[in-house]
Amino acid sequence: MSRSRDRTPTGMPGDVPCWDEHARLAALDAYAILDTPPEAEFEDAVQIARLACRTPMALVSLVAADRQWFKAEAGLGVRETGRDASVCAYTMGCEGLLVIPDLTQDPRTARNPLVTGPPGLRFYAGHPLVSPDGMPLGALCVLDTVPRPEGLPEEARLTLAALARQVMARMDLRRALAERDRALAAAEASRRELRQITDGLPVLIATIDRDEIYRFANRHYETWFGLRAEDVVGRSVREVVGEAAYAQRRPYLARVLAGEAVLFDTTVPGPDGGVRDARVRYLPSTGPAGGFHLLAFDVTGEKAAQAALADSLLKFQAIAESMPQMVWSTLPDGHHDYYNSRWYEFTGVAPGSTDGEGWNAIFHPDDQAEAWRRWRHALATGDTYEIEYRLRRHDGVYRWVLGRAVPIRDAGTGAIQRWFGTCTDIDDQVRARETLAQGRETLEALVRERTAALEATNARLTAEIAERGRVEEALRQSQKMEAVGQLTGGIAHDFNNLLTGITGALDLMKRRLAEGRIETLARYADLATASAQRAAALTHRLLAFARRQPLMARSVEADRLVASMDDLLRRTLSERVTLTLETQDRLWRTLCDPNQLENALLNLAINARDAMPDGGRLHIATANVELDAAAVAGEPGARAGEYVCVSVSDTGAGMPPDVVARAFEPFFTTKPLGAGTGLGLSMIYGFVKQSDGHVRIASQVGRGTTVSLFLPRHAGPDAAEAEESAAPAARAAGHGTVLVVEDDATVRALIGEALEEAGYRVIAVADGPAGLRALETDGAVDLVVTDVGLPGLNGRQMVDQARAVRPGLKVLFITGYAENTAFGSGHLAPGMEMITKPFAVDAFAAKVSAMIESAGS
C-alpha cells in the first residue's frame, strides 16, 4: 500500500491548512471535553483500535493551542504532551487516514521527542476527528515502537476510520447532552426568575389554558383568594373564583379565548371578608398551548382616591362658583385648565377657548409682556404671582384687575401640584387712585404757586421727614435698642413720679422746719418713705427681670407652697372665678426663693383674674417633668433635665401670637393706662431664669392662657426655714465691734451712725483692701458689714480672703444688685447673711444684733 494513498497534500510540510486556527480552537472549546474524567465509550474505542491494528498503543488525541490531551489512551502511559510531540497535529491536515511507516525517516517527525526519546515511537497511523462543521479537533491513532514499511492492512484502515467516526459521534452526542442540560438548567433558572419577578410584582398574575385550567399562578393568589400558588395550578377558573364571579367573567373568557385582549373592572371578595376593587386584563397567549395570561391590579386605593378627588373637585367648584372673583387653576407647568363662570361672564369668550396660553390674548397689549414675565418667574421659583393689568371685558372695554395665584404643594415632597389664582376687578379703585393722584398734582401746583414764601420751610420739613424716615428705619433694624429705649423710658417715667413724691415731701419738710411748724413733718416723712418704698419695689422688679435680684434660695416643696396660698388666692380672685389646685404625689423639691415663687403665682393669678372679667376657671397644678434635648431645642438657654413644673391656667380672653411674643418685655402691657406697670411677667421671667429654670406661655384667643414655670429639681436636704417677724424687733443696746465696708460715703455714714447709735463700736472704710487691713490690725471684729459691689476687690472677694485667716468671721452683705461673679450659684456659706438695699434702719439694726448675738451664744 502506498503512503500517498493514506494522506492528503495538506499533511505535507509547508502545506497551508484550510481552516482558521482560532475557529478550530473555539470549536474544540465548545465541546468542553478537555481535562474531563475518562469515559468508558472512549476507552473502549482505543482498545478496539489497538486490537484491530495489532499495535501496543492507541490514543484519542485532542490538539489544543499548546498541547495534545488524550481523552483515552492505551499503552502510552501519559494523558498529555506538548504540541511539539504531537504527530496527530499533522493528521488534522488530512482528509482521511495518515500513515507514517517509520517516524525516524519522516522529516516532520524525525526529531519528535517521543521518537528520539522514550518510548521510542517508530510507527504511526491516525484518522482525523472532524466536527460536523468541518473543524479538525484531533485524531484517533495507533502507535508502535517498531517501523511498519507495509503500513496497515485495508481491514485495519477501515476499522480505524469507522472507530474515528464513532468517537466523533460520541463527542457530538456528549456535546448535545451537555447543551441540553445547560438549556434545562437555564430554563429552570428562567422559571425561578420568572416566579421571583411575578411574586415580587404587586399584581395578580396567572396563565390559563384554553380549557380554563390554571397552568401558572403567582403568590398573590394566597392574599386575594386564600390559596397557595401551587394549589391554584391545575384547578379551573370556576373553582378558584366561585360560581357567581365565574358567571360574571364568562363573556370576558369567551372573548379572550377568541383572541381578543380584554380589560374590565370588578370586585373580588377576600378570605378575610373584605372586598377589593380590581382591574383585570386578559391577554391572549401566543404560545402553542393557546389560552391566555391574566393580570389583575388592586385599585381599591385608586378608586378611593378618585372618589376623594371627585368630592374635593366638587367642593372646589362649588366654592369657586360662589365667589364673586374670577377663579382659575393651572397644572404645575402653568397650563390653564379651569376657569369659573365669572371668568366667562366677564370676558364673554367661549368655554375652553382660554385654556393653555390663550388667556394672554385678552390682556391689554401693553400689559402682556410684563404679565408673561411675572408668570414665568412664579413658575420657575414657586413665588406668589401678583400683578395689576387690564383685561378686556365682553363689551371690548379694558378694565383693571388684580391677578394673584399661589402654588399648592405636596405635603411630603414640597413639589408643586397645582396653581390656584383669582382675578379681582379693581378698575373703580384704580380710577379713584388715578383721580386722587391727579388732584394731588393739581393741589401741589396751586400750593407751589400760592405759597412761594413757604418753599424753604417746606424743604426743611421734607429733609426732616427724610431724616426721620432714616432714623425710624435704623430703629426698626435694632430690636435691642428699641427694648433698651422702652426700658429706660419706663424707668424714667416711674422714677420721675416717685422722685416727685420724695423731693416734694422733703421740700415741704424744709419749709415747715423753717417756719417752725413741725406738727406735719411726720406726715411728709411718711409720704417720702412711701415713695421710696415704691421705688424700692420697682427696682426689685427690674432686678428680677434682669436676673440680678438677691435671692434667698432654699429647698422648696412647691405642692405645699401652692396649698398654703389657697386662702390668699381665693381672697384675691373674684367670686365669679373658680379656683382649683392639683398637686402631684411625691413631688420633687426645687431650689428657689419661696417668697419670689409666691409673688410669681400671685401675679399670675391676678393676671388671670383680669383676663376673666365675666368669671371663669383658674387651675394651678404641680408636676414632675423630665425634658429631653428635643423638648428644649427651641428655647435659648434652657437645658434638658428634671424639673418641677408649676402651671397656672385660665379660661380668659387669651392672647394673640404677637402679644405672646412680647409678653416678657419690661413695661409691655395690654391693660388700660394706669392699670398695670408691665413688669409682672418680666419679674417672673427673671426670677425663673435666675433660678436656672425657664418659662413657657401657651395661649389661644378666646380659649385662655397657660403659664408654666419649670424649676430645676433639687436633690439636696431640706433647708431650715426661719420665720421672719413681720414687725421689726425692739431695738436693744448693742455691744461689739462692726467693720463697715461701703464705697458710697453717704450710705457709709448712715450705716455707721445707726450702728453707733445702737451701741456698737464702728470701723468704717471705703474699699476692700482697706477692709482687709482693718481686719489685720484692729483686733477682734464681731461682724463685717460690706457692700457687694465694691470697686476693684468686691465684697465677696474681700470676705473670702478674710475668712482664709478668720474662718468663723460673721458677714452681713448689703446689696441692691446680685452680681453673678460675686455670688456664683446664689448660695451663702454658714455665718453669712444678706440684706437688700434699700432697707429700714430698724430692720438693719435688728439683723446686726441677731447675727452678733448668735455668734456669742
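The protein chain holds 26 helices and 28 strands, where helices (H or I, at least four residues) and strands (E, at least two) are DSSP runs numbered from the N terminus. The model is a predicted one, in which local features need pLDDT of at least 70 and side-chain atom pairs count only at pLDDT 80 or more, while totals for chains, interfaces and linings use all residues. Residues are numbered from 1 along each chain as its sequence is written, and side-chain values use heavy atoms, with hydrogens and water left out.

Some totals set the scene. Of the 857 residues in the protein chain, 39% count as buried, that is, under 20% relative accessible area, with exposed meaning over 50% and partly exposed in between (1.4 Å probe, protein chains only). The chain exposes about 46,200 Å², of which carbon and sulfur atoms supply 55%; these areas come from the Shrake-Rupley method with a 1.4 Å probe, and for residues only the protein chains shown count as cover. Among contacts (heavy atoms within 4.5 Å) between residues at least 6 apart in sequence, 60% join residues at least 24 apart.

One open sheet comprises five strands in the order β18-β20-β21-β23-β22, with mixed pairing; two strands pair if DSSP finds at least two bridges between them. Strands β18 (577-582) and β22 (694-700) stand at the edges with a single partner strand each, so one side of each has no neighbour in the sheet. From one strand to the next, the twist averages 15°. Strand β22 runs antiparallel to β23 (residues 704-712), and seven bridges join the two. Within this pair, R696 stands opposite S708 in β23.

Helix α19 (residues 594-611) lies across β20 (616-627), β21 (641-650) and β23, and runs at about 170° to β23. Here axes are lines fitted to C-alpha atoms, for helices over the stretch in contact, and angles run from 0 to 180 degrees between N-to-C directions. The 18 residues of α19 should span 26 Å at 1.5 Å a residue, and the end C-alpha atoms are indeed 26 Å apart; the expected span is 1.5 Å times one less than the number of residues. Buried residues in α19 include L597, A600, L601, L604, A605 and A608. An α-helix has 3.6 residues a turn, so residues three or four places apart point the same way. At the N-terminal end, D593 caps α19, with a side-chain oxygen 3.0 Å from the backbone nitrogen of N595.

Helix α21 (residues 680-690) contains G686, which counts as buried because its relative accessibility is 0%. The C-alpha atoms of G686 and F664 are 9.1 Å apart, with 22 residues separating the two along the chain.

A second open sheet of five strands follows the order β25-β24-β26-β27-β28, with parallel pairing. Its edges are β25 (761-765) and β28 (832-836), each with a single partner strand, so one side of each is left without a neighbour in the sheet. Neighbouring strands are turned by 20° against each other on average, direction ignored. Five bridges link β28 to strand β27 (residues 811-815) in parallel, and I814 stands opposite I835 in β28. Helix α22 (residues 745-757) packs on this sheet, touching β24 (737-741), β25 and β27, and its direction makes about 170° with that of β25.

Notes. A polar contact is a pair of N or O atoms within 3.5 Å; within protein, one must be able to donate a hydrogen and the other to accept it, and residues adjacent in sequence count only if both atoms are side-chain atoms.
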